[in-house]
Amino acid sequence: MPQSAFHHFRQGLKASFPVVVGYLPIAFSFGLVSHEGGLPWWAAGLMSLIVYTGAGQFAALSMLGMGTPMPEIVAAVLFMNLRHIVMNLALLPKLAIRSLGLRSLVALGVTDETFAVSLFSADEEVLTTAGMLGLNLGAWSSWWMGSLVGAWAAGLVPKGLNDAMAVMLYGLFIGLLVPAVRGKGRGLVIALGAMAVNLAARQVLAPGWALVAAILLGAGLTFLLPEKTEEAKDAL
Amino acid sequence: MRSDLLLILALSLSTALPRLLPAFLGDRFRPPEAFRRWLDAVPFAALGALIFPGILWRIHLHL
């Protein structure tokens, strides 16, 4: 690796610090809750290693806990992750990577958080190929390591506390949703609409498919709402 | 145990494919504005649907 690429990589790794601090406790609780969901410790670690999606992994656990069949879980997680298409479409052209392998490697490590850090970082050396690899490596490592530690710790935690952890899952979802919709009426309307669709769809569909329908139709509400503001567009 | 592994492999495809698609498309493709708008809304819809009505079932179970 040339000297400047190594420097960019280190700057990227440094820029991952706030993401790592944010990921570790969430990854740890994922490990804990996965135990309650009946997953062996290695499965929690493997999931964080190769699935690598925050809300999607918790959603999968939550659906597993309800006995949801596999195709419904996979479909729900797929739809939750379609947003990465848009993020990578916005990010990859800025890096102009010629090698398909390297472009894929960067693309695989992109999350909501590393995407935001790369585009909003004051340090422009982060928004380079090596910088992105450093940033993604830091975030990804903290995610699977935190999950493994959580999964190991779960065996030491009494059963009652594990049950409480399952309830905590909803605290986490609410904790993700509330700051996201603050000051954004449309986000709140879409979330509430998806709740209504989910409740209605559950009367006729299995819970997993009801969730998928609620995501698809709830997000469709965006077309009934007024055009979004410029600042939201700038984010992409 | 085997089904856990199968689920994780299937899930890894469902997160890898959306991430990889733009890497294969190259730099020239731009998604239609309506599709971007819909994708922007997906995280809100997903979180809302994950919270309700599932939370009722959980609370009921623990009270």
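**Exercise 1.** In this predicted model, how are α7(A) and α9(A) oriented to each other?

*Solution.*
Step 1: Find the helices. The partner of α7(A) here is helix α9 of chain A, residues 129–154.
Step 2: Look at the axes. They come within 9 Å and cross at roughly 40°.
Step 3: Classify the angle. Angles under 35 degrees count as roughly parallel, and 65 to 115 as roughly perpendicular. α7(A) and α9(A) are therefore oblique to each other.
Step 4: Add the handedness. The crossing of α7(A) past α9(A) is left-handed.

**Exercise 2.** Which residues of α7(A) and α9(A) meet, and how many of each class are there?

*Solution.*
Step 1: Take the α7(A) side, with A:L102, A:L105 and A:V106.
Step 2: On the α9(A) side, you will find A:T129, A:M132, A:L133 and A:N136.
Step 3: Sort them by class. This contact has five nonpolar and two polar residues, with no charged ones.

**Exercise 3.** Now follow α7(A) across to chain B: at what angle does helix α7 pack with helix α1 of chain B, and which residues meet?

*Solution.*
Step 1: Locate the pair. Helix α7 spans residues 100–108 of chain A, and helix α1 spans residues 2–25 of chain B.
Step 2: Read the geometry. The angle is about 140°, and the axes are 8 Å apart.
Step 3: Classify it. Only angles over 145 count as roughly antiparallel, and α7(A) and α1(B) are therefore oblique to each other. Their crossing is right-handed.
Step 4: List the contacts. A:L100, A:R103, A:S104, A:A107 and A:L108 meet B:A16, B:R19, B:L20, B:P22 and B:A23. By class, there are seven nonpolar residues, one polar and two charged.

Key
Residues are numbered from 1 along each chain as its sequence is written. Chains are lettered from A and ligands numbered from 1 in the order in which they are written. This is a predicted model: local features need pLDDT of at least 70, side-chain atom pairs count only at pLDDT 80 or more; totals for chains, interfaces and linings use all residues. Axes are lines fitted to C-alpha atoms, for helices over the stretch in contact, and angles run from 0 to 180 degrees between N-to-C directions. Helices (H or I, at least four residues) and strands (E, at least two) are DSSP runs, numbered from the N terminus. A crossing is left-handed if the near helix is turned anticlockwise from the far one by less than a right angle, and right-handed if clockwise. Two residues are in contact if their C-beta atoms, placed from the backbone, lie within 7 Å. Ala, Val, Leu, Ile, Met, Phe, Trp, Tyr, Cys and Pro count as nonpolar, Asp, Glu, Lys and Arg as charged, and the others, Gly among them, as polar.
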